[in-house]
Amino acid sequence: MGSDQRSKACQHKTCCGVRSGHLPAVALVSERRRRNGAGLILSTTDLEIVRRGYARQVTALLGARNERLEAAFAAVPRERFLGSDPWYIVKRAQGFVRLPANDPVYVYQDVLIALDEERGINNGSPSLHASMLDALAPKLGDTVAHIGAGTGYYSAILAELVGATGRVVAVEFDHNLAQQAHSHLADRPNVEVITGDGGDWPREDVEGVYVNFAVERPAEPWIDRLKMGGRLVFPLGVASPAKPNGARFAQGVALRVEKASGLHPASIISPVSFIFAEGAAGTPDPGLVQAFKDGGVELVRSLAWHQEVDPARCWHVGAGWALCYGGVAQGLGPEGSAR
């Protein structure tokens, strides 16, 4: 990646407004290492201390403590999912910065870590994912489809949240990333890794759909395969022009949708910046650009799905779907127009 690309850290796979900085637990262990020798490899116990501090930090901004989510972050070793190439973190002012070594203690910060610099694919902001997973609210025994699983780190956290009686179907479009996820998650019997197009999954009824790339409209299975009361969390944004390598990015918002019998309740989680979808999920929605320009997305309260709506009561009306401020829906035509 050229230096001009490295400086555009906000165009990579997760929220631009990451909250970075060394954690107290990291500082504590670093001081111990200075006393005992800079080359000392941390013990398993030391790393567990660091992970617990990191988990507390990245879940601290949720507003109320989520002990199950904190425990899930504390249980999963992030370094296992980062590969053997030199590790780079993303710093807004400097772009990608190479870490001094592939030392696990460095990765327990609220930072993005590059998985593929040239394509802008990262192990995303832990605090952003904490807020999105908190909104998804997976329960023990749930089946959750993780769309855009990357190398599997957040799939592993989902596996902790659904427990031994639940299932995670981790879908990744990129063959190389999917192979890594399969290897990293092989010891988790409640996770199935699929190499496939995220726009075609899930293929069974699920309690949750967790999407880790931006789209201009939700894919059909993300709504159709949700059980009543199930939750969908996905980034909505307008695709940027493609880079020379074909990669696209989008700035927008993370949305939470709950399956209901009429309009589906919806709410904004936070502003985000994600890599844009590849494959079928990348279907364009031409009217979305103007909707974001006009503003007001924070007022969205419901998603209409193949239902007729009053455009005056909606933030955006697309082909077969709409994001609305509220009201009663009755049926959308195939092109989003009233029948």
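# Chatting through a predicted model

Q: Hi! Starting with helix H5, which of its residues are buried?
A: In H5 of this predicted model, the buried residues are Pro126, Ser127, Leu128, His129, Ala130, Ser131, Met132, Leu133, Ala135 and Leu136.

Q: How many is that out of the whole helix?
A: H5 covers residues 126-136, and 10 of its 11 residues are buried, so the helix is mostly covered.

Q: What comes right after H5?
A: Ala137 follows H5, and its phi is positive, near 55°.

Q: Nice. Can we zoom out for a second? How many helices and strands are there in the protein?
A: The protein has nine helices and 14 strands. It has 339 residues, and buried residues make up 54% of them.

Q: And what share of the contacts join residues at least 24 apart?
A: Taking contacts between residues at least 6 apart in sequence, 59% join residues at least 24 apart.

Q: Back to helices, then. Which residues of H4 are buried?
A: H4 runs over residues 67-75, and Leu69, Glu70, Ala72, Phe73 and Ala74 are buried there.

Q: What do they pack against?
A: The buried residues of H4 pack against three helices: H3 (44-58), H5 and H6.

Q: What's going on with Asn66 at the start of that helix?
A: A side-chain oxygen of Asn66 comes to within 3.4 Å of the backbone nitrogen of Arg68, at the start of H4.

Q: Now the core. Which residues touch the most other members of the largest nonpolar core?
A: That would be Phe73 and Trp222, in a core of 89 residues. Helix H6 (residues 153-162) gives the largest share of this core, with eight residues.

Q: Which residues is Trp222 in contact with, leaving aside its sequence neighbours?
A: Beyond the neighbours within four places in sequence, Trp222 is in contact with Ile147, Gly198, Trp201, Pro202, Val209, Val211, Phe213, Val215, Leu232, Phe234 and Ala281. Another core lies apart from the largest one; it has six residues, among them Leu263, Ala304, Cys314 and Ala322.

Q: Cys314 is a cysteine I'd like to follow up. Which residue does it form a disulfide with?
A: Cys314 pairs with Cys324, and their sulfur atoms are 2.3 Å apart. The structure holds one disulfide. Its link is right-handed, with 70° about the S-S bond.

Q: Which parts of the chain does the pair tie together?
A: Cys314 sits in strand S13 (residues 314-317) and Cys324 in strand S14 (residues 321-324), so the disulfide joins parts that are 10 residues apart in sequence.

Q: Are those two cysteines buried or exposed?
A: Cys314 and Cys324 are buried.

Q: Let's move to strands. Why would you call S6 largely enclosed?
A: Because five of the six residues of S6 (residues 167-172) are buried, the strand is largely enclosed by the rest of the structure.

Q: How does S5 pair with S6, parallel or antiparallel?
A: S5 (residues 143-147) and S6 pair in the parallel sense, over five bridges. One of the partnerships is Thr143 with Arg167 in S6. The chain gets from S5 to S6 through H6, in a right-handed β-α-β crossover.

Q: And how many bridges are there between S6 and S7?
A: S6 and S7 (residues 191-195) pair over five bridges, in the parallel sense. In S7, Glu192 is the bridge partner of Val169. Here the chain crosses from S6 through helix H7 (residues 175-184) to S7, and this β-α-β crossover is right-handed.

Q: Switching to Gln307: where is it found?
A: Gln307 is in the loop between strand S12 (302-305) and S13.

Q: Why does Gln307 count as buried?
A: Gln307 has 10% relative accessibility, and buried means under 20%, so Gln307 falls in that class.

Q: What does its side chain reach?
A: The side chain of Gln307 reaches the backbone nitrogen of Trp305 at 3.1 Å. A polar atom of that side chain also lies 3.4 Å from the backbone oxygen of Gly262.

Q: Last one. Where is Ile268, and which strand is it in?
A: Ile268 is in strand S11 (residues 264-275), and at 25% relative accessibility Ile268 counts as partly exposed.

Q: Which residues is Ile268 in contact with, beyond its sequence neighbours?
A: Setting aside neighbours within four places in sequence, Ile268 is in contact with Val253, Ala254, Leu255, Val297 and Glu298. The C-alpha atoms of Ile268 and Val233 are separated by 9.7 Å, and the two residues are 35 residues apart along the chain.

Notes: Residues are numbered from 1 along each chain as its sequence is written. This is a predicted model: local features need pLDDT of at least 70, side-chain atom pairs count only at pLDDT 80 or more; totals for chains, interfaces and linings use all residues. Side-chain values use heavy atoms; hydrogens and water are left out. A disulfide is a pair of cysteine sulfur atoms within 2.5 Å. Helices (H or I, at least four residues) and strands (E, at least two) are DSSP runs, numbered from the N terminus. Buried means under 20% relative accessible area, exposed over 50%, partly exposed in between (1.4 Å probe, protein chains only). A nonpolar core is a set of buried Ala, Val, Leu, Ile, Met, Phe, Trp, Tyr and Cys residues joined through side-chain atoms within 4.5 Å. Contact means heavy atoms within 4.5 Å. Two strands pair if DSSP finds at least two bridges between them. A crossover is right-handed if, with the strands pointing away from the viewer, the path from the first strand over the helix to the second runs clockwise. A polar contact is a pair of N or O atoms within 3.5 Å; within protein, one must be able to donate a hydrogen and the other to accept it, and residues adjacent in sequence count only if both atoms are side-chain atoms.
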